[in-house]
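Please open the model in your viewer and keep the selection panel at hand. The stops below each name something to select and then say what is to be found there.

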Amino acid sequence: MSLFVTELRRLGKRRVTRLMLVLLVLGLATVATAFSFSSEKLSPAAVAEAEAKANNDYQTAMTEWKRTIAECEAAAGRGENTEDRYGPNCGKDYQPQPDMFEAKWYLPYQFDFRAEFPLFIAVFAASVALFGFIVGASFVGAEWNTGGMMNLLLWRPKRLTVLGTKLAALLTTVFGLTVVLGALWTAAFWLIASQRGSTAKMTGGVWQSIGLDGLRALGMTLLVAAVGFALASLGRHTAMALGAAVGIFAVSEIGIRIAVAVLGVQFGDRYVLSTYAQSWFLKQAELFDYDTCQFSQGACEPATYMVTWQQSAVVFGVALVGALVAAFWTMRRRDIS
Amino acid sequence: MSAVLEIEGLRKTYRSRKRGVRHALDGFDMRVEAGQVHGFLGPNGSGKTTTLRTLLGLIRPNGGRMAILGQELPHALPAVAGQVGAIVESPQFFPHFSARDTLGLLAQAGELPRQRVDEVLELVGLRDRAGERVKTYSLGMKQRLAVASALLKNPKLLILDEPANGLDPGGIREMRGLMRDLSENGMTVVLSSHILGEIQLICDSVTIISLGRRVAFGPVEQVLAAHSQGSVRVRLEAVSDLSQAADALTRAGVRVATEPDHLMLSGVDKPATVSRLLAEQGLYVSELTPVAVDLESVFLELTATAPVPGQHRQVDQSAKVDQTGTAGGWGA
Ligand SMILES: Nc1ncnc2c1ncn2[C@@H]1O[C@H](COP(=O)(O)OP(=O)(O)OP(=O)(O)O)[C@@H](O)[C@H]1O
Ligand SMILES: [Mg+2]
């Protein structure tokens with residue numbers, strides 16, 4: 001227990017932790033503030049104005065359409081070729097429809113908490129995860145690098161306990177931060193929605209779904225922090241974790257993308273890590289294969305492949321367990337000098 | 001007296017794909033009695049730090065037996081760790097923490113009272129600079145911090161790997177006094193150092209290691225006596241005859257070190273035999289003096305690392321003893 005408290009204190013004392021925390025809070029605050037300006041509460045007058053504008057544009061389009069037909073028919077009467085210029089049948093088939101001029105398209109942007117907040121949960125989780133990765137990697141990496149780990153092991157010669165306690169201290173910190181900052185983040189966007197947007201249709205079910213999104217976000221931040229920690233411990237250097245992260249990103253997002261494209265693998269994106277990140281946050285990710293489209297038969301119905309968040313959980317879980325097992329295994333086995 | 005530290009037949013082998021195997025420790029033995037200040041000596045790369053690291057559980061031995069305070073290692077290490085304070089070869093500290101923070105975190109991890117931190121800071125003379133970041137410390141200040149961290153738990157066994165590294169003359173003398181105080185209060189100290197004058201002054205006993213094996217051990221006076229007995233300085237009437245004399249003596253089984261204007265012999269029972277042996281070769285002795293040796297010359301002789309004019313000794317060029325050769329007491 002004393003070791004756990006010590007490690008929490010050590011983590012809190014570190015400059016990297018403090019600096020990254022300031023950057024994280026500033027970054028999140030900036031996003032929320034900037035976003036609050038882009039949303040605008042819709043007054044009845046604004047709605048009426050938008051409706052008028054939509055109707056006006058519809059009328060203009062109709063007039064223009066009729067004028068074009070008249071022009072075309074006149075030209076046809078002179079025996080000119082109208083197919084190239086006006087399309088078949090003088091474009092009579094392209095009559096503007098009212099639903100092409102929906103009033104809401106003419107409205108200024110209004111933040112809809114129910115529909116859009118889940119996306120901002122993902123933004124938040126990604127920011128905290130980045131924080132966790134860097135702080136977690138440097139927490140153990142710098143410790144290895146400067147001999148602090150060796151010093152500590154002279155006091156507590158149980159290697160696995162020491163590494164495990166450090167990891168626990170890190171995860172506790174990331175957990176606490178995610179919960180506290182997540183609550184502030186939700187409050188901020190709720191405020192934006194109620195002041196300058198819409199909080200309509202927020203039923204208990206919606207809140208529950210948002211709660212689940214939050215839980216998955218929390219899981220993601222803890223996972224990324226733990227993986228950063230494990231990689232840095234494996235390489236005994238902070239840079240090792242950052243390098244591995246860049247490497248994994250390059251291989252997955254660029255290398256595999258190119259490889260599957262060259263090999264012509266169907267639904268190649270299911271081998272790309274970001275697909276799983278996406279499906280983790282949005283509950284599912286749908287992949288389309290447009291090669292199966294028969295465009296000649298009109299509208300296209302491409303073949304689809306669904307990646308669910310449960311599949312993401314398996315992929316990330318395997319990665320996490322692999323990294324941790326490797327880190328603890330080498331901690332047990334390798335000489336420290 | 002009981003042994004605080006026992007090592008028997010310790011082996012550590014480093015394997016690398018390119019350079020093959022290196023036996024850093026090759027059946028090493030060591031024994032330190034309670035309450036002693038014990039010097040741990042050996043040329044560069046002979047295995048001192050490897051021994052201490054193995055003892056402290058930082059590296060895994062390939063064989064042998066170790067015990068601290070009667071408890072078998074590495075099994076009982078967690079149990080005895082609280083009674084062993086150690087610094088291993090210029091330890092490093094997290095550069096952005098102050099000395100007080102560094103020690104405070106260690107004390108907390110070891111469940112020690114906070115005032116102990118200030119006590120040891122006072123002891124090593126860092127009191128007034130304890131709030132500054134370690135990054136800004138000089139070499140000697142870092143070394144003092146290291147000693148402070150080893151003293152923090154008020155250990156029964158204190159292991160110091162080159163603690164004098166970077167200390168100023170005042171600091172070295174202070175360290176000497178500190179060691180003496182500590183051992184008078186019942187602490188056992190193992191001290192690895194290359195400053196043999198210092199070792200001779202403060203140590204009760206020594207272990208000398210060369211190429212991973214023990215070449216000599218025992219109380220300092222005994223090690224010295226064992227090797228000063230047969231030490232004789234020989235001068236000849238003609239300096240040019242020195243090499244011929246060295247050959248003759250070596251053939252007769254005398255250990256010879258050639259100096260520019262004289263020979264140093266060791267393992268000589270009766271000096272008279274030397275003059276007779278040389279006279280038989282037609283060489284005439286102008287001086288034949290038994291010499292009292294200091295630890296440094298014993299060390300150089302035992303480890304065979306005395307500089308030879310015109311040669312550049314490489315590391316790992318030092319005395320190699322047979323596995324059985326160490327069994328017979330002090331000195332091989
Ligand atoms: N990690 C390692 N890999 C390979 N060889 C090593 C390793 N660590 C030490 N050695 C080798 O083991 C031998 C003993 O090294 P050690 O550090 O114990 O020497 P030492 O007696 O402390 O020397 P010094 O007086 O220079 O501090 C050396 O030959 C060294 O090269
Ligand atoms: Mg050393």
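How far apart do the C-alpha centres of domain 1 of chain B and domain 2 of chain B lie? Select chain B of this predicted model and colour residues 3–225 as domain 1 and residues 229–290 as domain 2; the two C-alpha centres are 41 Å apart. With the whole chain still selected, the C-alpha trace of chain B spans about 75 × 45 × 40 Å along its principal axes, and a cartoon view should show 11 helices and 14 strands. Of the 332 residues in chain B, 50% are buried.

For the other chain, select chain A and colour residues 2–41 together with 112–333 as domain 1, and residues 44–106 as domain 2. Here the C-alpha centres of the two domains lie 49 Å apart.

**Ligand 1 and its shell**

Return to chain B and select ligand 1 with the residues around it, which number 14, and among which B:Gly45, B:Lys48, B:Thr49, B:Thr50 and B:His194 come nearest. By class, this shell holds three nonpolar, seven polar and four charged residues.

Next, show the side chains that make polar contacts with the ligand. An N or O atom in the side chain of B:His194 is 2.8 Å from an oxygen atom of ligand 1, and a polar side-chain atom of B:Glu162 is 3.3 Å from an oxygen atom of the ligand. With B:Tyr14 the ligand atom is a nitrogen, which lies 3.4 Å from an N or O atom of the side chain. Taken alone, ligand 1 exposes 640 Å², and the protein buries 70% of that area. Two elements of chain B, β2 (20–33) and α1 (48–55), give two or more residues to the shell, and α1(B) gives the most, with three residues.

**Helix α1 of chain B**

Select residues 48–55 of chain B, which form α1. This helix is mostly covered, as eight of its eight residues are buried, including B:Arg53 as well as B:Leu52 and B:Leu55. Step just past the helix to B:Gly57, which follows α1(B) and has a positive phi, near 80 degrees.

**The magnesium ion**

Now select ligand 2, the magnesium ion, whose protein donors are B:Thr49 through OG1 and B:Glu89 through OE, at 1.9 to 2.0 Å from the ion. The pair links distant parts of the chain, since B:Thr49 sits in helix α1 of chain B, while B:Glu89 sits 40 residues away in the loop between β6 (84–87) and α3 (99–109).

Are these two donors buried or exposed? B:Thr49 has a relative accessible area of 11%, which is under the 20% cut-off, and therefore counts as buried. B:Glu89, at 36%, falls between the 20% and 50% limits and is therefore partly exposed.

**Strand β2 of chain B**

Select B:Val32, which is found in strand β2 of chain B and counts as buried because its relative accessibility is 0%. Add B:Ser2 to the selection: the two residues are 30 apart in sequence, whereas their C-alpha atoms are 8.6 Å apart in space.

**Backbone geometry in the loops of chain B**

Three loop positions deserve a look at their backbone angles. At B:Leu73 and B:Pro74 the peptide bond is cis, with omega about -5 degrees, and B:Pro74 lies in the loop between β5 (71–73) and α2 (77–80). B:Glu162, already selected for its polar contact with ligand 1, has a positive phi of about 50 degrees although it is not a glycine, and it lies in the loop between β7 (157–161) and α6 (169–184). B:Leu211, also not a glycine, has a positive phi of about 50 degrees, and is found in the loop between β9 (205–210) and β10 (213–219).

**A last stop in chain A**

Finally, select A:Phe267, in the loop between α9 (238–263) and α10 (273–282) of chain A. Its relative accessible area is 11%, so A:Phe267 counts as buried. Adding A:Asp289 shows a pair of residues 22 apart in sequence, with C-alpha atoms 6.4 Å apart in space.

Conventions. Residues numbered from 1 in each chain as written. Chains lettered and ligands numbered in written order. Heavy atoms only, no water. Near = heavy atom within 4 Å. Polar contact = N/O pair within 3.5 Å; in protein donor to acceptor, adjacent residues only side chain to side chain. Areas by Shrake-Rupley, 256 points an atom, 1.4 Å probe, with all protein chains shown as cover. Helix = DSSP H or I, 4+ residues; strand = E, 2+ residues; numbered from the N terminus. Nonpolar A, V, L, I, M, F, W, Y, C, P; charged D, E, K, R; others polar. Domains from an automatic or database assignment. Donors = N, O, S within 2.8 Å, 3.2 Å for Na, K, Ca; no water. Buried < 20%, exposed > 50% of the residue type's maximum accessible area, 1.4 Å probe, protein only.
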